[in-house]
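The following exercises are to be worked through with the sequence and the coordinates at hand. Each task is followed by a stepwise solution.

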Amino acid sequence: MDPSLKQIIDSYDPAAPLSEASTIPAPWYVDPRMLDLELKTVFARSWQVAGRAEQVARPGQYVTDEIAGAPIVVVRGNDGGLRAFFNVCRHHAAAVMTEPSGKAQHLRCPYHGWTYSLEGELKGTPEFSEVSNFDRGSMGLVPVEVAVWESWVLVKLDPSGLPFESFPLDVAKFHWFERRHYHMDCNWKVFVDNYLDGGYHVPHLHASLDAVLDYPNYTIENGERHCLQSSPMRTGDRALYYWIYPNFMINVYKDAMDTNLVIPRGIDKSEVIFDFYFTDISKEARSRNLASIAASERIQDEDTAICKSVQRGLASRAYTAGRLSVRRETGEHLFHRLLHADLKMGL
Ligand code: FES
Ligand SMILES: [Fe+2]
């Protein structure tokens, strides 16, 4: 008989110190029941990146997204306030805004033309005059918590989730350049584990990266719900790799930054959305910036291949859980303990 979800979650021991800890067990990466539980607990209860702050700087500007499987719209009101709502019409549940981003005077549903103000109030309901007991005032779009941190807009679907753990970054000098999507044949947590192994895989898997990093002096610092990995570079600068629980990474270099947003697309599929930023996005800098993206893509290809290999191994009967390097893998240990705490809430 298959073990219950509770047995699967309980088979991880979050109390073990790093030197004695195991990774989360293989079924967390391969049992299809895990995905629903994660959407409900991990993704709905954490702050999720919904867009860039500059996309919603002016009244009427909006972005739409799917967060924890739910359609969301973030919009700047005429009063200057930033709000987020479920992008779900109160009439028959269609998505009200259908473009990824844009600027609007009001929010009009394409299905039967119901109209909401930029502040989310229901304003227009065609052919509804004979409907009785209809309280228009309570039929606005359903709000979601929203916050702006540094260059990003974040939303949190479930009010029971914790406040955002904010810390300062020096990223205002970077300008958004381009977005790319990568489709991975692995559970989303395999990509995060790979990111959080403290550079352990760099000398073995990424020869081109190893040539520019001062690997022995790599440092790893855990926060409450984030981890900063950092490496001196041969050029004298430092590379900073921030991971924000559960699925957002910010990689900061001297003249460039990229972010990685990891989205589960199935128990063994994920999509990683890379946004590339540079201090100089002028026409003259374009070919240099594209070359930098191409270099990052070569590393991403190596990671894509190893993540696929790990997913296949996790699904094999040979593997139940692994151990962690004390020197390198403290970030992964934090990730696994945070996951365990969230998943327990859903049982
Ligand atoms: S579903 Fe939006 S107007 Fe009918
Ligand atoms: Fe890598």
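**Exercise 1. Locate Pro246 and describe the peptide bond that precedes it.**

Step 1. Pro246 belongs to the loop that joins strand 14 (238-244) to strand 15 (248-252). Helices (H or I, at least four residues) and strands (E, at least two) are DSSP runs, numbered from the N terminus.

Step 2. The bond from Tyr245 to Pro246 is cis, with omega near 0 degrees. Most residues other than glycine have a negative phi, and most peptide bonds are trans.

Conventions. The model is predicted: local features need pLDDT of at least 70, side-chain atom pairs count only at pLDDT 80 or more, and totals for chains, interfaces and linings use all residues. Residues are numbered from 1 along each chain as its sequence is written, while chains are lettered from A and ligands numbered from 1 in the order in which they are written.

**Exercise 2. Characterise the overall dimensions and composition of the chain.**

Step 1. The secondary structure consists of eight helices and 17 strands.

Step 2. For 347 residues, a compact globule would have a radius of gyration near 20 Å, and the 22 Å of the chain agrees with this. The radius is taken over C-alpha atoms, and the globule rule is 2.2 Å times the number of residues to the power 0.38.

Step 3. Along the principal axes, the C-alpha atoms fill a box of roughly 70 × 65 × 30 Å.

Step 4. Of the 347 residues, 36% count as buried. A residue is buried if 20 or more other C-beta atoms lie within 10 Å of its own, exposed if 12 or fewer, and partly exposed in between, with C-beta atoms placed from the backbone.

Step 5. Among contacts with a separation of 6 or more, 57% are between residues 24 or more positions apart. Two residues are in contact if their C-beta atoms, placed from the backbone, lie within 7 Å.

Step 6. The chain is divided into domain 1 (48-156) and domain 2 (175-345), with bounds from an automatic or database domain assignment. The C-alpha centres of domain 1 and domain 2 are 32 Å apart.

**Exercise 3. Determine which residues of helix 3 are buried and what covers them.**

Step 1. In helix 3 (residues 33-43), the buried residues are Met34, Glu38, Thr41, Val42 and Phe43.

Step 2. These residues lie on the same side of helix 3, because they cover an arc of only 145 degrees around the axis. The arc is that of the directions from the helix axis to the C-beta atoms.

Step 3. The cover over these buried residues includes helix 2 (27-30), strand 1 (48-52), strand 16 (256-266) and helix 8 (330-345).

**Exercise 4. Trace the pairing of strand 3 with strand 2 and strand 4.**

Step 1. Five of the seven residues of strand 3 (residues 70-76) are buried.

Step 2. Strand 2 (residues 61-67) pairs with strand 3 in the antiparallel sense over six bridges; two strands pair if DSSP finds at least two bridges between them. Asp65 is opposite Ile72 in strand 3.

Step 3. The hairpin of strand 2 and strand 3 has two residues between the strands. Ala68, in this turn, has a positive phi of about 50 degrees although it is not a glycine. Ala68 counts as buried, because it has 21 C-beta neighbours inside 10 Å.

Step 4. Strand 3 also pairs with strand 4 (residues 82-86), antiparallel over five bridges, and Arg76 stands opposite Leu82 in strand 4. Their hairpin has five residues between the strands, including Gly80, with a positive phi of about 90 degrees.

**Exercise 5. Describe the open sheet of strands 6, 7 and 8, and the loop after strand 8.**

Step 1. The three strands of this open sheet have the order 6-7-8, with antiparallel pairing. Its edge strands are strand 6 (107-108) and strand 8 (122-124), each pairing on one side only.

Step 2. Two antiparallel bridges join strand 7 (residues 115-116) to strand 8; Thr115 is opposite Gly124 in strand 8.

Step 3. Glu127 lies in the loop between strand 8 and strand 9 (143-149). Its phi is near 55 degrees, a positive value in a residue other than glycine. Glu127 is exposed, because 8 other C-beta atoms lie within 10 Å.
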